[in-house]
Amino acid sequence: MFWRGVWGYLPANIIQGLVGFGAIIVFTRLLSAEDFGRYAIAFSVMTLFHVATFSWLEASMARFWAAEKSETLADHFLTLYRTAAVMTAAALPLMALILWVSPIGPGLKIAIAVGVAGIPIRCLSKLAQERFRASGAVRKSATLDIFVSLGGFGIGVIAALMGAGAASPLIGLALAPLLTLPFVLPGELKQARGGTLYRDRLWSYARYGYPIAAGLGLSLVMASTDRFLLEIFIGPEAVGAYHAGYSLASRTLDVLFIWLGAAGTPALIMAWERGTREGFLAAAREQASTFVLIGLPAAVGVALVATPLAEFMIGEDLRSAAASVTPLIALSALLSGVTSYYLSQSFVLGRRTDRLLLTLCIPAASNVVLNLALVPSMGVMGAAIATTTSFGIGVLASIAMGRRIGVAMPIPWTTLGRCGLACGSMALVVSALPSWGGIGEVLVKAGVGAVVYGAVVVALNAAGVRDLMTRLVDARLGRGAAA
């Protein structure tokens, strides 16, 4: 199931990556530095509000679908969709009132309002996508993802060209999932026919999902505190520069981990719920090795080409400061992805999301303290140092707490060491190449780095790559002989 999902979700994640980079290239040029900073703040507020209100429903759809029986599926769907409607009716007026009385500028207020208005729409689309993913409907899930990504980007660009300012990307994020609802929502609501909303079921979903939502909120605090403090101490232009560098580095790693996590989480849940402990451990080791094999060189590669990549992708007003923080943010994105999409599965599988919340409190508190200490004196570099250190603390906390609840995720130390050696070789060779700037330098160094890393990985048989290649060649030869 894992590898079927990996290949099935690959096109969607390629599109996500291209859209993510395209958004950096386009919006850092179409929007002023101040408007890009306001967009970054509005996006953070929108994401925090989404997590606080609807993410627990999405998490419950993903986790409990595999455990349901055919006669209880209608109850499952009815509970989630009816609760989403109630949450919409309660949460949106509250947020509108908060915005109305908030002493912030009109540009930022409009951007936040647009982002928040689209949250219920994205939730309905996300519930359908999580159901597709949990049931193994890879093509439906990937198609929905591709449409929302491309549609959101295209609509956002049109809005920016029409002068919508900081709200432009958020308009796209609201309208694109709205266009999908006529195609996916009727079928999902049909699943709820004849269902009953039991309070015990809803309570179990809340008890499971709210700690996850709170944990995501704390993760967002780790990723957003720096922006709010930069706004307070320095101003929106610094927020824009930092967000551009952050997006440049984290987007690459986020796409990789979202891709692998989309396939990996359902596979781990199935292995845990319906397989043996030995089978689960084997599946977990395979996933962890794959994460390291792909994620580690991606982070190192982004750090190696930070300056020419910023020259190509980021507007002139923002690129210098953005390039300076890119290597640190690449490391923080790697640590964040490993924690969120692998180590934190301990709490999902063990249904101890309360411990997940406790675990995330540690790095979140560290992030706030470090940002308060470093941002006023060091600016964007202080924010990057604080964020990276906090995510490192989060890795250690997740490992320790996961072992305490009895669902320790195996760590592939051999793969980590061999891939680390391959990345070191790659860094030595790429660093020796001349620097001439622009996209040409990025492409040459990326190509050389990939060749060096691949050669060392195969030579060391990291993550069993050479064994896999041998099996594929033997299978190919066997088919040829049979023919």
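**Close-up views of a predicted model**

The structure, a predicted model, holds 4 salt bridges. Three of these pairs are taken up in the first views below, followed by the nonpolar core, two helix-borne serines, one long-axis view of a helix and a surface patch.

**View 1. Aspartate 35 and arginine 38 form a salt bridge within helix H2.** The closest N and O atoms of aspartate 35 and arginine 38 are 2.9 Å apart. Both residues belong to helix H2 (residues 33-53), where a spacing of 3 residues places them about one turn of the helix apart. Arginine 38 has a relative accessible area of 30% and is therefore partly exposed, since that class lies between the buried limit of 20% and the exposed limit of 50%.

**View 2. Arginine 131 and glutamate 188 form a salt bridge between two helices.** In this pair the closest N and O atoms are 2.6 Å apart. Arginine 131 is part of helix H6 (residues 119-134), whereas glutamate 188 is part of helix H8 (residues 168-190), so the salt bridge ties together parts that are 57 residues apart in sequence. Arginine 131 is buried, with a relative accessible area of 14%, and glutamate 188, at 1% relative accessibility, also counts as buried.

**View 3. Lysine 445 and glutamate 441 form a salt bridge within helix H18.** The closest N and O atoms of the two side chains are 2.7 Å apart. The residues sit 4 residues apart in helix H18 (residues 438-460), which means that about one helical turn separates them. Lysine 445 and glutamate 441 are both buried.

**View 4. The largest nonpolar core has 128 residues.** The residues with the most contacts inside this core are Ile112, Tyr242, Phe280, Ile314 and Tyr453. Helix H10 (residues 236-274) supplies the largest share of the core, namely 14 residues. When residues up to four places away in sequence are not counted, isoleucine 314 touches Ile24, Thr28, Arg29, Ala244, Gly245, Leu248, Arg319 and Ala322.

**View 5. Serine 141 and serine 149 are two buried residues of helix H7.** Serine 149 lies in this helix (residues 138-161) and is buried, with a relative accessible area of 14%. Leaving aside neighbours within four places in sequence, serine 149 is in contact with Ile15, Gln16 and Val19. Serine 141, found in helix H7, is buried with a relative accessible area of 0%. The C-alpha atoms of serine 141 and glutamine 129 are separated by 5.2 Å, although the two residues are 12 residues apart along the chain.

**View 6. Helix H16 (residues 380-404) is followed by glycine 406.** The 25 residues of helix H16 reach 36 Å from the first C-alpha to the last, which is close to the 36 Å expected at 1.5 Å a residue. Glycine 406, which follows H16, has a positive phi, near 85°.

**View 7. Ile232, Phe233, Ile234 and Leu372 make a nonpolar surface patch.** The area of the patch is about 410 Å². Isoleucine 232, one of the four residues named for the patch, lies in helix H9 (residues 199-233). At 62% relative accessibility, isoleucine 232 counts as exposed, because the exposed class begins over 50%.

Notes. Residues numbered from 1 in each chain as written. Predicted model: local features only at pLDDT ≥ 70, side-chain atom pairs only at ≥ 80, totals over all residues. Heavy atoms only, no water. Buried < 20%, exposed > 50% of the residue type's maximum accessible area, 1.4 Å probe, protein only. Core = buried A, V, L, I, M, F, W, Y, C linked by side-chain atoms within 4.5 Å. Contact = heavy atoms within 4.5 Å. Expected span 1.5 Å × (residues − 1). Patch = residues over 30% accessible without salt bridge, like charges linked within 9 Å, V, L, I, M, F, W, Y side chains within 5 Å. Areas by Shrake-Rupley, 256 points an atom, 1.4 Å probe, with all protein chains shown as cover.
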